[in-house]
Amino acid sequence: MNDLYTQANWPLSLLSGTTRTDHPHADNGFNLARHISCDRMVVEANRQAWLAILDIENVTPMWLTQTHSATVVDQETYQPGIEADAVISRDPAFMPVVLTADCVPILLTNAEGSEVAAIHAGWQGLYQGIIGATIEQMHSSAETLYAWIGPCIRQASYEVDDAFRDRFIALDSKYSAFFSAGKVGHWQADIAAIAGAQLSASGIDSARIFDAGICTFADAGYFSHRRDGALSGRIASFIRPQRANDLSH
């Protein structure tokens, strides 16, 4: 692991993972989001430093304007800053990226690494079905996909109210298993587990679903909006496709 980069912990060698930060606040840390209260020149310098860390050239990061939607784009419909919360690429010149600070970042790839996707799955995206919408728009069948759930807020740190829990249980009663009772009228929500359940429901074999197991709230090496509010920056989760047959296991 580079100090500012955590590689996805799955049995695939393609370039994929999540950035870390050397300080939990945007103005001092490795913030990659332009919309956060950090000098724009600093953000641009951070983005260039990130690409240097990855040691890649001739690649366009596919930055999105994320709106907590279920909108998915690919390299053919992508425009810089387009409003969407998931992005698919089948071209090594275009690298999907999503920004998070507690929401669930999810990376997808087929076995060859020739088609990949990055998903920003906040609770609203999970509720609206962003995961299923992304998998439906991929050319690869779900049975051939691998998934990685990146650093996000974990159950012990994510307190929600009755209305939040009721909303998800109304969507699917099985989601009740992902909430543990907290103080009166409140619950601890496991949104990473909800994401995992949706990946499985979309047809991805559980043996192909991997999880970083990292809590952004508990680990100051990652930005957390729940912990730091407006002071929080954003980490980037990314995955670069490869030419067919270039991926080794």
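**A colleague's note on the predicted model**

1. Let me start with charge. The protein carries 16 positive and 28 negative charges, and the mean positions of the two sets are 3 Å apart. Please keep in mind throughout that this is a predicted model.

2. On overall form, the secondary structure comes to six helices and 14 strands. The C-alpha trace spans about 55 × 40 × 30 Å along its principal axes. A compact globule of 249 residues would have a radius of gyration near 18 Å, and the 17 Å found for the protein agrees with that.

3. Now for burial and surface. Of the 249 residues, 55% are buried. The exposed area is about 10500 Å², with carbon and sulfur atoms supplying 49% of it. Among contacts with a separation of 6 or more, 66% are between residues 24 or more positions apart.

4. The largest nonpolar core deserves a look in your viewer. It has 45 residues, and those touching the most other members are Trp10, Trp50, Leu54, Met95 and Phe238. Helix α1 (40–54) and strands β6 (94–100), β8 (116–121), β9 (145–149) and β14 (235–239) each supply at least two residues of this core. In soluble globular proteins, nonpolar side chains tend to be buried together.

5. Trp10 is a good residue to centre on. Beyond its neighbours within four places in sequence, Trp10 is in contact with Ser16, with Leu107, Leu108 and Thr109, with Tyr146, Ala147 and Trp148, and with Phe210 and Ile239. There is also a second, separate core of 37 residues, which includes Val104, Ile149, Trp187 and Ile194.

6. Helix α3 is worth a point of its own. This helix covers residues 130–137, and six of its eight residues are buried, so α3 is largely enclosed by the rest of the structure. The buried ones are Ile130, Ile131, Gly132, Ala133, Thr134 and Ile135.

7. Finally, a word on His186, which lies in strand β12 (residues 186–189). Is this residue buried or partly exposed? With 26% relative accessibility, His186 counts as partly exposed, because buried would require under 20%. Leaving aside neighbours within four places in sequence, its contacts are Glu159, Val160, Asp161, Asp162 and Ala181. As for Ile119, the chain places it 67 residues from His186, and their C-alpha atoms are separated by 28 Å.

Technical notes: Residues numbered from 1 in each chain as written. Predicted model: local features only at pLDDT ≥ 70, side-chain atom pairs only at ≥ 80, totals over all residues. Heavy atoms only, no water. Helix = DSSP H or I, 4+ residues; strand = E, 2+ residues; numbered from the N terminus. Rg over C-alpha atoms; globule rule 2.2 N^0.38 Å. Buried < 20%, exposed > 50% of the residue type's maximum accessible area, 1.4 Å probe, protein only. Contact = heavy atoms within 4.5 Å. Areas by Shrake-Rupley, 256 points an atom, 1.4 Å probe, with all protein chains shown as cover. Lys, Arg positive; Asp, Glu negative; His and termini not counted. Charge placed at Lys NZ, Arg CZ, Asp CG, Glu CD. Core = buried A, V, L, I, M, F, W, Y, C linked by side-chain atoms within 4.5 Å.
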